[in-house]
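Please look over the model below before reading on, since the paragraphs that follow lead from one annotated stretch to the chain around it and then to a helix of its partner.

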Amino acid sequence: MERLLSKDEKRFKKASILFVGLFAVIVFSPFVLIAICSISSTESLISKGYSFFPKSLSLDAYLYMWAQGKVILRAYGVSLFVTIVGTATSLVITPMLAYPLSRKDFRLRGLFTFLVFFTLLFNGGVVPSYIMWTRVFSLKNTIWALILPTYLMNGFNVLLVKNYFERSIPRDLIEAAQIDGANEWTIFSKIMVPLSVPVLATIGLFTGLAYWNDWINGLYYISDPSLYGIQQLLIRILNNIAFLRSGAAASVVGNMVISLPGESIRMALAVIGILPILIVFPLLQKYFIKGIVIGAIKG
Amino acid sequence: MKRKHSFLKSFSHELPLLLLALPGLVYLIINNYIPMLGIIIAFKKLDYAKGILKSDWVGLKNFEFLFSTPDAWIMTRNTLLYNLAFIIIGTIFAIVLAIMMNEIADRFFAKYFQGMYLLPNLISWVVVSYIVFAFLNADTGLIPKVILPALRAKDINFYTSPGYWPFILLIVFLWKNTGYTSVIYLSSIAGIDRTIYEAARIDGAGKLDQIRYITLPLLKPTIIILFLFSIGRMMYSDFGLFYQVTLNSGALFSTTQTIDTYVYRALMQFNNVNMASAAGVYQSIVGFILVLGANLLIKKINPENALF
């Protein structure tokens with residue numbers, strides 16, 4: 001139903017659309033800048049700097065990356081592996097812990113819920129964690145250092161899934177299954193998980209993003225370049241552009257010789273780093289927004 | 001005999017649930033609880049040869065030493081002031097954006113714009129540091145190379161000038177987080193009963209009156225809750241923003257050092273485990289007190305939103 005708007009309301013509506021649109025463009029413009037810089041020619045970047053309006057364009061950065069692709073592909077592979085293994089494991093152990101906590105007849109429920117909850121209030125800080133992971137578990141320079149510390153499971157997600165189990169899945173369903181002789185694992189895997197896809201998709205999305213974007217575990221635990229993820233590779237290259245150059249100063253693409261296009265390649269790498277997110281996000285925006293809202297309301 | 005039987009029966013009832021919970025619990029114990037015990041390191045003179053448990057106790061010596069350095073004051077001041085600015089200005093920006101976003105009736109545009117506002121939140125601080133670098137670096141950056149010359153302003157080397165960073169970091173923070181926070185406010189606004197607005201319109205309230213007398217008062221609970229949650233996080237800072245976006249530049253420490261960056265630098269760069277753990281425990285304990293205090297206030301205002 002179209003309601004009648006007063007003049008003042010119409011004006012506010014127009015101003016809002018204009019303002020929101022204009023600001024969206026400003027917020028988005030840094031992405032445009034790095035995309036343009038990644039295809040600007042070296043001479044343009046040296047004389048004009050990183051500009052929205054380069055003098056001339058060139059695909060050298062991408063050609064060079066293509067030719068020297070091994071380093072980048074490897075880092076992509078590491079990030080992908082860490083993200084998939086970490087997120088998948090998290091999506092198994094988080095609901096597995098949440099399910100018993102949601103069962104009113106589970107005697108240890110109170111104690112376990114408190115153990116999960118207390119991790120949200122207090123933590124021992126970085127130093128003991130670092131010493132434990134490196135000295136006790138010898139995680140330094142292993143792929144597990146990128147998967148195990150911090151991100152594998154968090155108390156907040158456990159409580160989120162527990163609340164979902166309690167509120168959205170009828171108790172009768174569990175009782176009926178029990179009468180039919182289903183064991184706990186069957187109830188968990190055949191009833192609880194399939195009925196909680198929305199909340200699991202949401203926490204999976206947040207966990208996946210956390211793994212893909214993580215660079216702090218790499219900073220603390222990884223010094224071996226063969227274990228660099230994409231974020232860590234980006235840090236290394238921002239500090240030292242020559243890191244990309246494995247051996248020769250110039251690279252041969254077909255019959256062209258391309259020397260390292262130092263200024264544009266940084267931005268090309270940033271583009272490559274964001275690309276997977278740009279591709280996946282529009283499909284998952286709905287879950288992301290849902291996640292922000294449930295996360296904020298019952299924190 | 002009967003007792004034992006019922007114990008066994010209840011055990012066989014609990015066991016499968018216990019087994020399901022086990023992997024997650026083991027992870028929490030390793031990842032969260034063992035490091036909590038590790039706070040004793042701050043009260044010891046850590047000697048790896050002796051091990052943590054056998055290292056000598058030094059009481060509060062590490063803390064005395066930490067607080068006798070100027071670092072302790074600088075990092076505390078920076079952490080608190082940045083958080084305060086982020087909370088206040090961030091909230092205002094997010095609410096203004098949410099109110100205006102709510103005016104956009106066209107679903108397609110609303111979704112499209114929202115995606116653009118959320119995009120900065122999805123990328124890593126490393127990529128953010130690249131973008132900031134593209135704007136600020138002295139050799140090719142957009143601002144020193146293109147904008148400042150156009151304004152005939154004098155050259156600035158941002159990465160060695162600490163005075164600019166409170167503004168830079170505030171802008172970067174707003175750019176990365178406003179879209180995210182505004183989603184929360186937008187969902188609150190969407191939950192407001194439309195008939196209240198209709199009634200106000202009949203009474204002749206203009207749009208700005210409606211915002212002032214309906215929207216903002218009804219957002220108050222959300223604002224207060226989010227504010228108190230942020231108070232609970234006052235001792236913590238985003239390590240990526242203060243470490244990576246500043247490119248770990250030592251010249252900027254006076255305005256960019258926070259407790260989190262101090263802990264990292266003391267531990268990894270200066271190899272000073274005693275100072276790092278003292279600063280970490282200082283952060284954990286004061287942070288814990290703030291969380292408890294904030295929760296107490298939330299409970300008074302709106303018990304439903306209290307954590308416990």
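How much of the chain is helix over residues 143-161 of chain A, and how far apart are the end C-alpha atoms? The helix share there is 58%, with 0% strand, and the end C-alpha atoms stand 28 Å apart; helices (H or I, at least four residues) and strands (E, at least two) are DSSP runs numbered from the N terminus. This is a predicted model in which local features need pLDDT of at least 70 and side-chain atom pairs count only at pLDDT 80 or more, while totals for chains, interfaces and linings use all residues. Residues are numbered from 1 along each chain as its sequence is written, and chains are lettered from A and ligands numbered from 1 in the order in which they are written.

Residues 111-131 of chain A are 81% helix and 0% strand, again with 28 Å between the end C-alpha atoms.

Chain A as a whole has 14 helices and 2 strands. Its radius of gyration, taken over C-alpha atoms, is 25 Å, well over the 19 Å that the globule rule (2.2 Å times the number of residues to the power 0.38) gives for 299 residues, so chain A is more spread out than a compact globule. The C-alpha trace of chain A spans about 75 × 70 × 35 Å along its principal axes.

In chain B, helix 6 covers residues 142-150, and just after this helix B:R152 takes a positive phi of about 55°.

Note on methods: A residue is buried if 20 or more other C-beta atoms lie within 10 Å of its own, exposed if 12 or fewer, and partly exposed in between; C-beta atoms are placed from the backbone.
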